[in-house]
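Student: Could you take a close look at the charged side chains in this structure and walk me through how they are placed? I'd like one connected account, please, with a word on the surroundings too.

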Amino acid sequence: MTATPIDPSQATRPERRPELDAIRALVVVGLVFFHSGLVFDSRDDFYVKNAETTDATTIVAGFCVVWAMPALFLIAGLGSWFSLRRRGAGGFAVERLLRLGVPLVFATLALLPVAPWIRLRADPAYHESYLEFLPRFLSVRLDLSEFPFILQGEHFESGHLWFVVMLLAYALLLALLLLLAHRLPRDLGRRIRERLAVTARRRGAVVLLPAVPIALITALHGMEEAFAGWSRWAYLLFFLYGFVLASDERFRTAMRRDAIIALGCALALLAIGMPGFLIVAGNPGADPFTDMTAFAIGVRVLYGAAGWCCLVAILGLLDRRRSARRAGSEAAPDTGSGSRSGVGKRLYGYLAAAVLPLYILHQPIVVAVAYGVVRWDAPIGVKYLAIVGASLILTVVAYDLLVRRTRPTRFLFGMRGRPAPEMVRTRSGAATQRGEL
């Protein structure tokens with residue numbers, strides 16, 4: 001099953017964008033802080049709960065989840081464009097199955113049951129061993145109604161791997177769509193892209209127009225709390241938006257131009273929407289994530305639009321800064337900063353390759369650490385810092401010692417064969433441009 005690779009254009013030659021890999025790394029490392037906070041959150045039903053909880057975590061988390069996971073889907077969509085150009089739809093599907101499907105299956109069998117089992121262990125009356133629990137966890141049935149989560153069971157859950165499930169499903173859907181598209185007029189895609197690019201030249205268009213479908217889906221389908229507060233279909237839009245944005249340099253130019261507008265819109269929408277969200281949540285029996293009252297729907301409209309504005313602002317402002325620094329470096333003489341640059345490149349290469357393994361590893365470790373820490377007689381702040389610190393160290397150590405050093409473990413966690421030190425990503429072959437994660 002093959003298809004002609006996407007027709008390349010003069011505007012789509014891949015360029016190294018380290019800020020995208022930096023965002024991916026920031027979000028994944030930030031998830032350690034986020035999931036550690038859920039241990040103390042008064043609303044969330046996390047695997048391990050502290051006896052004393054607080055509402056402050058909900059407020060802080062709200063300003064992070066509005067952009068963090070959408071950013072990962074958008075960046076994955078950006079990378080998919082370049083990967084599809086090189087491999088074609090069939091090759092892209094195979095590559096995604098290897099890089100996402102293999103670690104998904106492995107982590108589901110080896111790591112995912114840990115957190116649900118620890119949740120059960122919190123009950124003093126529960127004495128089942130992990131090996132006794134494992135077959136019950138893996139007892140599943142096929143259920144297409146919850147697509148893309150087609151495996152359901154009494155004890156089975158996708159846990160934090162929901163992101164990998166969605167990303168794999170959306171990538172395969174995109175590949176299938178492009179396989180079917182070869183029956184359409186050959187220049188149809190180019191004409192659609194041209195029309196969208198022309199529209200994006202209008203000031204504010206790249207902020208307003210994509211925000212409308214996301215706001216509508218968020219309002220009408222609701223927000224799924226289990227998926228970091230976003231609808232699964234909103235994530236599909238973010239992924240497809242990334243794919244389209246990578247197809248023409250004019251979209252990137254528009255995002256740089258409208259970054260300040262997007263930032264202002266995001267701040268205004270959050271200033272109105274976040275208090276409204278808390279007002280709805282404060283009413284007995286009310287749920288701002290799913291209620292179909294006019295006020296709850298309005299709050300979700302603001303949230304959905306704010307999420308897109310945040311992404312335009314973040315990517316646009318970082319791209320502005322990068323362009324300014326590049327222009328300055330070209331104009332300035334060499335000041336002998338090669339050693340600092342070398343360290344930065346090595347760190348960048350290390351983190352860019354580690355994103356998916358760190359994501360897979362972090363939550364079982366956070367849950368295991370929290371299971372012990374919540375028993376301490378200490379203030380919330382001390383417990384939180386202990387969980388974060390220990391989890392970060394153990395996650396990085398587990399990745400470095402157990403994953404990255406051998407080819408079999410790298411394969412199981414979706415990584416490529418071990419690169420030579422001098423092959424760290426320093427040119428246009430950055431992880432994002434290759435379509436990873």
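**Charged side chains, up close**

Tutor: Happy to! Let's start with glutamate 224 and arginine 232, both of which are buried. This is a predicted model, and in it the two side chains form a salt bridge, with 2.6 Å between their closest N and O atoms. Across the structure there are 22 salt bridges, so let me pick out a few whose setting is worth your time.

The next one joins aspartate 319 to arginine 256, with N and O at 3.0 Å. Aspartate 319 belongs to helix 12 and arginine 256 to helix 10 (residues 249–257), so this salt bridge ties together parts that lie 63 residues apart in sequence. How accessible is aspartate 319? Its relative accessibility is 1%, which means that it counts as buried. The pair does not stand alone, either: through shared partners, salt bridges link Arg17, Glu19, Glu249, Arg252, Arg256 and Asp319 into one network.

A third salt bridge involves glutamate 95 and arginine 96, which meet at 2.7 Å, N to O. Arginine 96 has a relative accessibility of 3% and therefore counts as buried. Glutamate 95, at a relative accessible area of 6%, is buried as well, because the cut-off for that label is under 20%.

Now for a contrast. Arginine 300 sits in helix 12, which spans residues 294–331. Arginine 300 is buried, yet it has no salt bridge. The nearest side chain of opposite charge is that of aspartate 291, 6.4 Å away, whereas a salt bridge needs the nitrogen within 4 Å of a carboxyl oxygen. What does the side chain of arginine 300 reach at 3.2 Å? The backbone oxygen of threonine 218.

Next, a look at the backbone around these side chains. The loop between helix 8 (205–221) and helix 9 (232–245) holds alanine 228. Phi of alanine 228 is near 60°, a positive value in a residue that is not glycine. With a relative accessible area of 14%, alanine 228 is buried, because that value is under the 20% cut-off. A second backbone feature is the peptide bond from phenylalanine 147 to proline 148, which is cis, with omega near 5°. You will find proline 148 in the loop between strand 1 (141–142) and strand 2 (151–152). Both features deserve a check in your viewer, because most residues other than glycine have a negative phi, and most peptide bonds are trans.

Finally, a place where charge is absent. There are 2 cavities of 30 Å³ or more, and the second largest holds about 30 Å³ of space. Its lining consists of Ala25, Val28, Val29, Leu351, Ala354, Val355 and Leu358. Helix 1 (18–38) and helix 13 (338–373) are the elements that give two or more residues to this lining, and helix 13 gives the most, with 4 residues. By class, the lining of the second largest cavity has 7 nonpolar residues, no polar ones and no charged ones.

Key:
Residues are numbered from 1 along each chain as its sequence is written. This is a predicted model: local features need pLDDT of at least 70, side-chain atom pairs count only at pLDDT 80 or more; totals for chains, interfaces and linings use all residues. Side-chain values use heavy atoms; hydrogens and water are left out. On a 1 Å grid over the protein atoms alone, a cavity is a set of points where a 1.4 Å probe fits but cannot get out, and a pocket is an open set with protein on both sides within 12 Å along at least five of seven lines; lining residues have an atom within 4 Å of a point. Grid points are joined across faces, edges and corners, and a volume is the space filled by probe spheres set on the points. Ala, Val, Leu, Ile, Met, Phe, Trp, Tyr, Cys and Pro count as nonpolar, Asp, Glu, Lys and Arg as charged, and the others, Gly among them, as polar. Buried means under 20% relative accessible area, exposed over 50%, partly exposed in between (1.4 Å probe, protein chains only). Lys and Arg count as positive and Asp and Glu as negative; His and the chain ends are not counted. A polar contact is a pair of N or O atoms within 3.5 Å; within protein, one must be able to donate a hydrogen and the other to accept it, and residues adjacent in sequence count only if both atoms are side-chain atoms.
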